[in-house]
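Student: I should like to learn how to read a structural model residue by residue. Could we work through one together?

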Amino acid sequence: MGATDQFLLDAYSNTVSEVVDRVGAGVAAVHLVRGREREAKREGGGSGFLFTPDGYLLTNSHVVRAGQKQRPAASAMAYRVSFSDGQQFAARWVGDDPDTDLAVLRIDSPAVGSLPATTLGTSAGLKRGEIAIAIGNPLGFEHTVTAGIVSALGRSMRASTGRLIPDVIQTDAALNPGNSGGPLLNSRGEAIGVNTAIIPGAQAICFAVAIDIAAWVIPQLMQHGRVRRGYLGVGGSA
């Protein structure tokens, strides 16, 4: 290995490490908790990340619903989030949109202001081959980091509702169940996507909802708890 190759590898390693140091503390493990405090049971799990300093956290709809098609009753919904420094907080549902597989939770604690919020970048100018870094909790191994590249752009993926999610990012940064809801980051530490799906049995084919889609969905979830969409209806009579 030549000196130039070693320099490039060191530069790549430093880039990934710096992104993790800057963003990692704001990435959380997310669990849906059912039942009363002493009898509470955790159902499902995934990842999420703070995108505001006052405790709003972005994740996947299928994480907050724990795989259910219908949103759990509000009285049964409680969430527990934990960060890499060991802090744990209760969180509440703010809104979710299964059509884009995105959801927002809110952590109600004065300590949240000490955790760094991830900057939302843009996915519009992405190019294939750019560095892509994923942080999450694959298979319960909390706060795991993987890195790769943007493999393809402009993919579409069918949501649980049957609607197609457009402009999905394909990456080879290794993802596993539990990574869902975690950030896909560029070399500047900006979120460019929300990790959401893998193809079981495939090698290094993983998908993230583009952050530009999330930027459109988030305000509606925070205001209405859901996304309001127009639609066309057809009626007929005999």
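The dialogue below moves from the whole chain to single residues.

Student: What should be settled before any detail is read, and how does the pLDDT average out over the protein chain?

Tutor: This is a predicted model. As a general idea, where pLDDT is low, the predicted coordinates should not be read in detail. Here the protein chain averages a pLDDT of 87, and 84% of the residues score at least 70. Among the elements, strand E2 (residues 41–50) has the lowest mean pLDDT, 80, while strand E10 (residues 183–185) has the highest, 97.

Student: How many helices and strands are there in the protein chain?

Tutor: The protein chain has 3 helices and 12 strands. Of its 238 residues, 45% count as buried. The chain exposes about 12,200 Å², and carbon and sulfur atoms supply 51% of that area. As for contacts between residues at least 6 apart in sequence, 61% join residues at least 24 apart.

Student: Which residues of the largest nonpolar core touch the most other members?

Tutor: The general idea is that in soluble globular proteins, nonpolar side chains tend to be buried together. In this model the largest nonpolar core has 41 residues, and Leu58, Leu102, Val104, Ile169, Leu184 and Leu185 touch the most other members. Helix H3 (residues 211–224) gives the most to this core, with 6 residues. There is also a second, separate core of 17 residues, which includes Val30, Leu32, Leu50 and Leu57.

Student: What does Ile169 touch, leaving out residues up to four places away in sequence?

Tutor: Its partners include Ser123, Leu126, Val150, Leu184, Ile192, Gly193, Cys206 and Phe207.

Student: How should one read helix H3, and where does H3 bend?

Tutor: Begin with length. H3 has 14 residues and reaches 20 Å from its first C-alpha to its last, close to the 20 Å expected at 1.5 Å a residue. Then look for a bend: H3 bends by about 30 degrees at Val217, and a proline, Pro219, follows within four residues. Just after H3, Gly225 takes a positive phi of about 85 degrees.

Student: Which residues of H3 are buried, and against what do they pack?

Tutor: The buried residues are Ile211, Ile213, Ala214, Val217, Ile218, Gln220 and Leu221. They pack against strands E3 (56–59), E5, E6, E9 (164–171), E11 and E12 (206–210).

Student: Why does Gln220 count as buried?

Tutor: Gln220 counts as buried because its relative accessible area is 15%, and the cut-off for buried is under 20%. Leaving aside neighbours within four places in sequence, Gln220 is in contact with Gly225, Arg226, Val227 and Arg228.

Student: Where does Asn195 lie, and is Asn195 buried or exposed?

Tutor: Asn195 lies in strand E11 (residues 191–198). Asn195 is buried, with a relative accessible area of 0%. Beyond neighbours within four places in sequence, Asn195 is in contact with residues including Asn60, Ala134, Leu175, Asn179, Ser180, Phe207 and Ala208.

Student: What does Gly193 touch, by comparison, again without residues up to four places away in sequence?

Tutor: Gly193 also lies in strand E11 and counts as buried, at 0% relative accessibility. Gly193 touches Ile169, Gly182, Pro183, Leu184, Ala208, Val209, Ala210 and Ile211. Gly193 and Gln170 are 23 residues apart in sequence and 9.9 Å apart in space, C-alpha to C-alpha.

Student: Where is Gly129 placed?

Tutor: Gly129 is in the loop between E6 and E7. At 46% relative accessibility, Gly129 counts as partly exposed. Gly129 touches Ile149 and Val150, not counting residues up to four places away in sequence. The C-alpha atoms of Gly129 and Thr171, 42 residues apart along the chain, are separated by 9.3 Å.

Student: Lastly, how should one read backbone angles, and what is the phi of Asp101?

Tutor: In general, most residues other than glycine have a negative phi. Asp101 has a positive phi of about 55 degrees although it is not a glycine. Asp101 is in the loop between strand E5 (88–97) and strand E6 (102–107), and is buried, with a relative accessible area of 11%. Leu139, another residue other than glycine, has a positive phi near 55 degrees. Leu139 is in the loop between strand E7 (131–136) and strand E8 (144–158), and is exposed, with a relative accessible area of 58%.

Technical notes. Residues numbered from 1 in each chain as written. Heavy atoms only, no water. Helix = DSSP H or I, 4+ residues; strand = E, 2+ residues; numbered from the N terminus. Buried < 20%, exposed > 50% of the residue type's maximum accessible area, 1.4 Å probe, protein only. Contact = heavy atoms within 4.5 Å. Areas by Shrake-Rupley, 256 points an atom, 1.4 Å probe, with all protein chains shown as cover. pLDDT = per-residue confidence, 0-100. Core = buried A, V, L, I, M, F, W, Y, C linked by side-chain atoms within 4.5 Å. Expected span 1.5 Å × (residues − 1). Bend = angle between axes of the 7 residues up to and from the residue.
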